[in-house]
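Could you set me some exercises on this protein, with the solutions worked out step by step? I would like to practise reading the fold with the model open beside me.

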Amino acid sequence: NIGFYIIIATIPALIAGYLLKDKVEQLFKQPMLEASIRLFTAAILMTFAEWLTKKDRTLDSMTWIDALVVGLMQIIAVFPGASRSGTTISGGMYRNLDRPSAARFAFLMSVPVMLAAGAYELLDVIQMPDLAEFLPLLAVGFVTAAVVGWFAIRWLIDYLSKHSLYVFAVYCAVLGTIAFILK
């Protein structure tokens, strides 16, 4: 069941990423302003998710509509500076999933999108003139990112079982303010 829901949740981001690729690249002309807007958006979404939702459902009660809503929230993450985790966890909470369930699903659904983005970028890496020279460094970077990411996700899910998203909302708001000032 969860695999089916991950597929449903992945489709909106893949379509948006494909359709908006050129538009998103143009936004990098003002990356600090865009990052500021996206970080403020994440802060608002997380604050409302904490404030307005019941958070009384677990992952076992998930439906395809829940998966679609979380997938639609992931579209925000296509833009520079967006908090993919913050927006997708909020999306799960808007469907009344408890924080750990919303976080677990958000991270599970990131796997196909990250793999697709990685595969797309791999095409550029393969065309590097001195690929053999950089391959060991890329491999170490990949393994390091995977291990650190796994521990970070474990920590966050544990944290969210006991604490709210308000700390992350404040963090996004502070970073959004800094990005706006530096624009």
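Here are five exercises on this predicted model, each followed by a worked solution.

**Exercise 1. The nonpolar core**

Task: find which residues of the largest nonpolar core touch the most other members, and which helices supply the core.

Solution:
- Start with the core itself, which has 29 residues; Met-62, Ala-67, Ile-89, Phe-105 and Leu-160 touch the most other members.
- Next, trace where the core comes from: H1 (2–27), H2 (31–52), H3 (64–74), H4 (84–94), H5 (99–126), H6 (131–160) and H7 (166–182) each give at least two residues.
- The biggest contribution is that of H5, with 6 residues.
- Finally, zoom in on Ala-67: beyond its neighbours within four places in sequence, it is in contact with Tyr-5, Ile-8, Ala-9, Met-62 and Phe-105.

**Exercise 2. Two helices side by side**

Task: work out how H5 and H6 are oriented to each other, parallel or antiparallel, and which classes of residue make their contact.

Solution:
- Take the geometry to begin with: the axes of H5 and H6 are 11 Å apart, and the packing angle is about 170°.
- Angles over 145 degrees count as roughly antiparallel, so H5 and H6 are roughly antiparallel to each other.
- Now list the partners. H5 brings Arg-99, Pro-100, Ala-103, Arg-104, Phe-107, Val-125 and Ile-126, while H6 brings Leu-131, Leu-138, Ile-153, Leu-156, Ile-157 and Leu-160.
- Sort them by class, and the contact of H5 with H6 has 11 nonpolar and 2 charged residues, with no polar ones.

**Exercise 3. Aromatic pairs**

Task: classify the pair of Phe-4 and Tyr-5 and the pair of Trp-150 and Phe-151, then say how accessible each residue is.

Solution:
- The structure has 5 aromatic pairs.
- In the pair of Phe-4 and Tyr-5, the centres are 5.9 Å apart and the planes make an angle of 55°, which is tilted.
- Buried means under 20% relative accessible area. Tyr-5, at 10%, is therefore buried, whereas Phe-4, at 49%, is partly exposed.
- For Trp-150 and Phe-151, the centre-to-centre distance is 4.9 Å and the planes are 80° apart, an edge-to-face pair.
- Exposed starts over 50%, so Phe-151 at 51% counts as exposed, and Trp-150 at 49% is partly exposed.
- While you are looking at rings, find Trp-155, Tyr-159 and Phe-168 too: they form one aromatic cluster.

**Exercise 4. A loop residue with distant partners**

Task: place Ile-75 in the fold and find what it touches beyond four places in sequence.

Solution:
- Ile-75 sits in the loop between H3 and H4.
- Its relative accessibility is 24%, so Ile-75 counts as partly exposed.
- Compare sequence with space: Ile-75 and Pro-12 are 63 residues apart along the chain, yet their C-alpha atoms are 6.6 Å apart.
- Leaving out residues up to four places away, Ile-75 touches Pro-12, Ala-13 and Ala-16.

**Exercise 5. A covered helix**

Task: decide whether H4 is mostly covered or mostly open, and find which helices its buried residues pack against.

Solution:
- Count the buried residues: 9 of the 11 in H4, and the helix is mostly covered.
- They are Arg-84, Gly-86, Thr-87, Thr-88, Ile-89, Ser-90, Gly-91, Gly-92 and Met-93.
- The buried residues of H4 pack against H2, H3, H5 and H6.
- To finish, step just past the end of H4, where Asn-96 has a positive phi of about 70°.

Notes
Residues numbered from 1 in each chain as written. Predicted model: local features only at pLDDT ≥ 70, side-chain atom pairs only at ≥ 80, totals over all residues. Heavy atoms only, no water. Core = buried A, V, L, I, M, F, W, Y, C linked by side-chain atoms within 4.5 Å. Buried < 20%, exposed > 50% of the residue type's maximum accessible area, 1.4 Å probe, protein only. Helix = DSSP H or I, 4+ residues; strand = E, 2+ residues; numbered from the N terminus. Contact = heavy atoms within 4.5 Å. Axes fitted to C-alpha atoms, helices over the stretch in contact; angles between N-to-C directions. Parallel < 35°, antiparallel > 145°, perpendicular 65-115°, else oblique. Nonpolar A, V, L, I, M, F, W, Y, C, P; charged D, E, K, R; others polar. Phe/Tyr/Trp six-rings, centres within 6.5 Å; stacked < 30°, edge-to-face > 60°.
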